[in-house]
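Got your viewer open? Let's take a walk through this one, picking a few selections at a time and looking at what turns up.

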Amino acid sequence: MARPTRFTRLAAVSAVLATGLLAAACGADGAGTAADGGEKPRIGLVQINQQAIFFNEMNAGAQQAAKEAGVDLTIFNANDDALKQNEAIDNFVQQQFDGIVVVAIDVEGIKPAVKIAKDAGLKTVAVDAIVDSPAVDTQVGVDNAAAAKQMGTFVNDWAKKQNVAAPNIGVVGALNSYIQNLRKDGFNSTVEAAGAKIAQTVDGQNKQEAALAAAENLLTSRSDLTAIYATGEPALLGTVAAVKSQNAGDRVKVFGWDLTKEAIGGIDAGYVAGVVQQDPRTEGYEAVKEAKALIGGAQAKKTIDVPVTIVTKENVDKYRSTFK
């Protein structure tokens, strides 16, 4: 696709935000050269943060795909700021990139920026968070609502095996996260249908420190809890730390999302009973691979599903090397 044409389209679509942000944040230095002597396609990955193992694994997969496919990949770290994601997309457009991969914080708020990208000719792939927009060519990742129900069914089965007819469950969520609210709602409806009670929900704000404080308060205020469900990596890290610090592993079992070294320690200690493990490396790999194919003229796959696994003491060993 000729870049002068794209720039002309862009001028007719919208004025974009300051041009200096992207280069300063990402260190972008222009297009490289492909093996055949032409310009490499340029793809921008708009990431949520680079603190969580999940997102770093996704970045690694994306980088692997970019290397194999001969793509110049620039990763933008939004540091959990939805506005910065919008600014990054606008700047990728203005710098005339060929495609973007978006891990959205705010799936509604990001839509105008994604539309600008689409109208300017960029191919767009959304990862993990579902951005329901015709401007998105392909969605890659987990069906979070379905996986949450899968975990809810797992907890229901666990309760039956433990002869717990109506478990009291506390939830450590991230109420500012669309994805984690899907995980919360799908789980809640599934366990409540089987007789469980959601005793209390606390907000970990998708930050480990906040999740730790929220989980500690939950354990202190609710001595009647049977289990705690954590909706994401920071929430699970905070919950595991709170259970350990309060020596509460003998009275509550923990279920959650996204394996870490600490969660594996909890599985070994017996108080973490199940963790939904995604495959972020594959998500990142498939997203960049799909973006490159789209840039080359391939028909969009629309959705690329990456299945989850529930990790327990029975299958945790194969994950240990990843989280040493």
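**Start at valine 101**

Select valine 101 and show what it touches: Ile43, Gly44, Leu45, Val46, Val125, Val127, Ala287 and Ala291, leaving out residues up to four places away in sequence. Contact here means heavy atoms within 4.5 Å. Before going further, keep in mind that this is a predicted model, where local features need pLDDT of at least 70, side-chain atom pairs count only at pLDDT 80 or more, and totals for chains, interfaces and linings use all residues. Residues are numbered from 1 along each chain as its sequence is written, and side-chain values use heavy atoms, with hydrogens and water left out.

**Zoom out for a moment**

Colour by secondary structure and you get 11 helices and 12 strands; these are DSSP runs numbered from the N terminus, with helices being H or I of at least four residues and strands E of at least two. Of the 324 residues, 53% are buried, where buried means under 20% relative accessible area, exposed over 50% and partly exposed in between, using a 1.4 Å probe and protein chains only. Turn on the surface and you're looking at about 13800 Å² exposed, with carbon and sulfur atoms supplying 49% of it; the areas come from the Shrake-Rupley method with a 1.4 Å probe. Among contacts with a separation of 6 or more, 72% join residues 24 or more positions apart.

**The two cores**

Which residues touch the most other members of the largest nonpolar core? Select Ile89, Val101, Val125 and Val127, out of 49 residues in that core. The elements giving two or more residues to this core are strand 1 (42-47), helix 3 (53-69), strand 2 (72-77), helix 4, strand 3, helix 5 (111-119), strand 4 (123-127) and helix 11. Helix 3 gives the most, with six residues. A second, separate core has 30 residues, including Ala215, Val243, Val254 and Val272. A nonpolar core is a set of buried Ala, Val, Leu, Ile, Met, Phe, Trp, Tyr and Cys residues joined through side-chain atoms within 4.5 Å.

**Two helices side by side**

Now show helix 4 and helix 5, which pack at an angle of about 10° with their axes 9 Å apart. They are therefore roughly parallel to each other. The axes are lines fitted to C-alpha atoms, for helices over the stretch in contact, and angles run from 0 to 180 degrees between N-to-C directions; under 35 degrees counts as roughly parallel, over 145 as roughly antiparallel, 65 to 115 as roughly perpendicular and the rest as oblique. Light up Asn86, Ile89, Asp90 and Val93 on helix 4, then Ala113, Val114, Ile116 and Ala117 on helix 5, to see the contact.

Hop along to threonine 124 in strand 4. It counts as buried, at 1% relative accessibility, and threonine 124 is in contact with Ile100, Val114, Ala117, Ala135, Val136, Asp137 and Thr138, neighbours within four places aside.

**Over to methionine 151**

Select methionine 151 in helix 6 (residues 144-161). Buried or exposed? At 0% relative accessibility, methionine 151 counts as buried. Beyond four places in sequence, methionine 151 touches Phe187, Tyr229, Phe255, Gly256, Gly274, Val275, Val276 and Ile310. Draw a C-alpha to C-alpha distance from methionine 151 to valine 276 and you should get 7.1 Å, across 125 residues of sequence.

**Loop stops**

Try glutamine 51, in the loop between strand 1 and helix 3. Glutamine 51 is exposed, with 54% relative accessible area, yet touches Asn56, Asn77, Asn79 and Asp80, not counting residues up to four places away.

Next is glutamine 96, in the loop between helix 4 (82-94) and strand 3 (99-102). Glutamine 96 has a positive phi of about 60° without being a glycine. Most residues other than glycine have a negative phi.

**Finish on helix 11**

Select residues 280-295: the 16 residues of helix 11 should span 22 Å at 1.5 Å a residue, and the end C-alpha atoms are 23 Å apart, which agrees. The expected span is 1.5 Å times one less than the number of residues. Buried here are Pro280, Glu283, Gly284, Glu286, Ala287, Val288, Glu290, Ala291 and Leu294. Just after helix 11, glycine 297 takes a positive phi of about 100°. Last stop: lysine 302, in the loop between helix 11 and strand 11 (303-305), with a positive phi near 75°.
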